[in-house]
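Q: I have a structure open and should like to go through it step by step. May I put some short questions to you?

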Amino acid sequence: MQQEFILEMLDISKSFPGVKALDKVSIKIKPGSVHALMGENGAGKSTLMKCLFGIYKADEGEIFLEGKKVEFKNSKDALDNGISMIHQELHPVPYRSVMENIWLGRYPVKNVLGIKPVDHKKMYKDTEALMDELQMSIKPHTLMAKLSVSQIQAVEIAKAVSYRSKIIVMDEPTSSLTETEVAHLFRIINNLRKQGVAIIYISHKMEEILNISDEVSIMRDGRYLGTWQAEELTTDLIINKMVGRDLTNRFPPRENVPQEVILKVQELTSTNPKSFKNISFDVKKGEILGIAGLVGAQRTEMVEALFGLRSTSAGITYLKGQPVRISTPIDAIKNRIALLTEERRVTGIFPVLSVEDNMLVASISNYLHRGAINSKKCVKAVKENITSLRIKTPSYKTQIRNLSGGNQQKVIFSRWLLSNPDILILDEPTRGIDVGAKYEIYSIIAELAKKGKSIIMISSELPELLGMCDRIMVMCEGRVTGTLNSEDANQEIIMKYATQFAKQGGL
């Protein structure tokens, strides 16, 4: 007789220094179902899954897999027992190929006179077959370092599927994917569901949850609130249960008044011929300028060049009417330009350093007295930011890697706020952040613009750009295809501009 539940996690508790991450949480998963796990950042979703996957050892509680009690000592244990996991933060081996990343730790071997070298030919064929099965066009020999973030995410999905697991945990699997790629992932999930595979799906995207899920479990502050049939829920109901209150407006009111042009960019062109070319735009004081585009539009590459992280072959940047040369991030910071990067874990935080160190790293020179750091002044500034941005952390001395993604993002915001920039560039500022924390980030952005700061915001979420920005510049394949006032823009018009060159086959 088949078990009703393939997985039962009962009364799971887990504490870290200064915080109880899980408090007697229980969930039950049916085979062949998509079970969404929702909650604000810090609710304990990822911690619960790490307890399942053998990364953390639960302090209390029991786990039953197909009716049998299990206790995984490590991730290999979990994989051997049919549980795989796509992690929220991507950690590829960058200078190894796609196929080596997929089969890492389980390379096929051949027997040659008692020696067992890696069978690269079989590994290539197996990878090719897997990519064909999943309808992915990524070549097995390609170095991971040459892939875009969305392609790396796709490889991680392929790797999880390759284990032929009974249960696949997907932690924010669409955070870097376009709408087309999300639709493709959902086709893969539906095929897995038909094969009896159980999917535990963690996401902050309400529309996705209601579209793909059979059941939804909701957590808040490390506690389990309940499980509902997805068809019984609405976005408003989920938000209310997640945050414990109604969130009537997704975006704060716009009270900023754009003034004179503060930044003007003319004909900015990358040294890489396949990247951006002839980019021209301006940003006004107190304005929020959105940048829209699909994967490959070169939005990130362009703003990184503006910040001095990438080289350019042509172009002039004017700041307050004067030409400036920004060759390095130090040049940008001196000119009071800040950049919040797209990949928080990879290029944003210093994981083993404290919240305090991460917050002060860009402005430490402001806290020197006769060549020595004024610790009292540092602590005061850090505590003020923790309070004002409502950062959930046991202490300002806590390592930032122990904070939830949303709270890590707030620390990085604080870093740049302490440097007092005139221009703040935000690359996907709310990626992987829950709806409550998103509103707090939006409020920070709106308040900065109201105070006369200029904001450049890249986002793949069109409602976010439409709800927050005064103007939206659209890019396609490294070119600017149009700039729209927000009141004249909608998702259909933006997508038309975002695919302009792609439809024409490029320039």
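Q: Where is the place of serine 175?
A: This is a predicted model. In it, serine 175 sits in the loop between strand 7 (167-171) and helix 6 (179-194).

Q: Is serine 175 buried or exposed?
A: Serine 175 is buried, because its relative accessibility is 13% and the cut-off for buried is under 20%.

Q: Which residues is serine 175 in contact with, leaving aside its neighbours within four places in sequence?
A: With those neighbours left out, serine 175 is in contact with Gln153, Lys205 and Arg431.

Q: And how far is serine 175 from isoleucine 433?
A: In sequence, serine 175 and isoleucine 433 are 258 residues apart. In space, their C-alpha atoms are 9.5 Å apart.

Q: What about contacts across the protein: what share comes from residues 24 or more positions apart?
A: Among contacts with a separation of 6 or more, residues 24 or more positions apart account for 67%.

Q: On to lysine 45. Where is its place?
A: Lysine 45 belongs to helix 1, which covers residues 45-52.

Q: Does lysine 45 count as buried or exposed?
A: Lysine 45 counts as buried, since its relative accessibility is 6%.

Q: Which residues is lysine 45 in contact with, beyond its neighbours within four places in sequence?
A: Lysine 45 is in contact with Leu37, Met38, Gly39, Glu40, Ile202, His204 and Met219.

Q: Now the cysteines. How many disulfides does the structure hold?
A: The structure holds zero disulfides.

Q: Why is cysteine 476 without a bond to the closest cysteine sulfur?
A: The closest cysteine sulfur belongs to cysteine 469 and lies 19 Å away, so the distance is too far for a bond. A disulfide requires the two sulfur atoms to be within 2.5 Å.

Q: Are cysteine 476 and cysteine 51 buried or exposed?
A: Cysteine 476 is buried, with a relative accessible area of 2%. Cysteine 51 also counts as buried, at 6% relative accessibility.

Q: What of the whole protein: how many helices and strands are there?
A: The protein has 18 helices and 22 strands. Of its 507 residues, 52% count as buried.

Q: What is its radius of gyration, and what would a compact globule have?
A: The protein has a radius of gyration of 24 Å, and a compact globule with 507 residues would have one near 23 Å, so the two agree. The C-alpha atoms fill a box of roughly 75 × 50 × 50 Å along the principal axes.

Q: Lastly, how many positive and negative side chains are there?
A: There are 67 positive and 59 negative side chains, and the centres of the two sets lie 5 Å apart.

Terms used: Residues numbered from 1 in each chain as written. Predicted model: local features only at pLDDT ≥ 70, side-chain atom pairs only at ≥ 80, totals over all residues. Heavy atoms only, no water. Buried < 20%, exposed > 50% of the residue type's maximum accessible area, 1.4 Å probe, protein only. Helix = DSSP H or I, 4+ residues; strand = E, 2+ residues; numbered from the N terminus. Rg over C-alpha atoms; globule rule 2.2 N^0.38 Å. Contact = heavy atoms within 4.5 Å. Lys, Arg positive; Asp, Glu negative; His and termini not counted. Charge placed at Lys NZ, Arg CZ, Asp CG, Glu CD.
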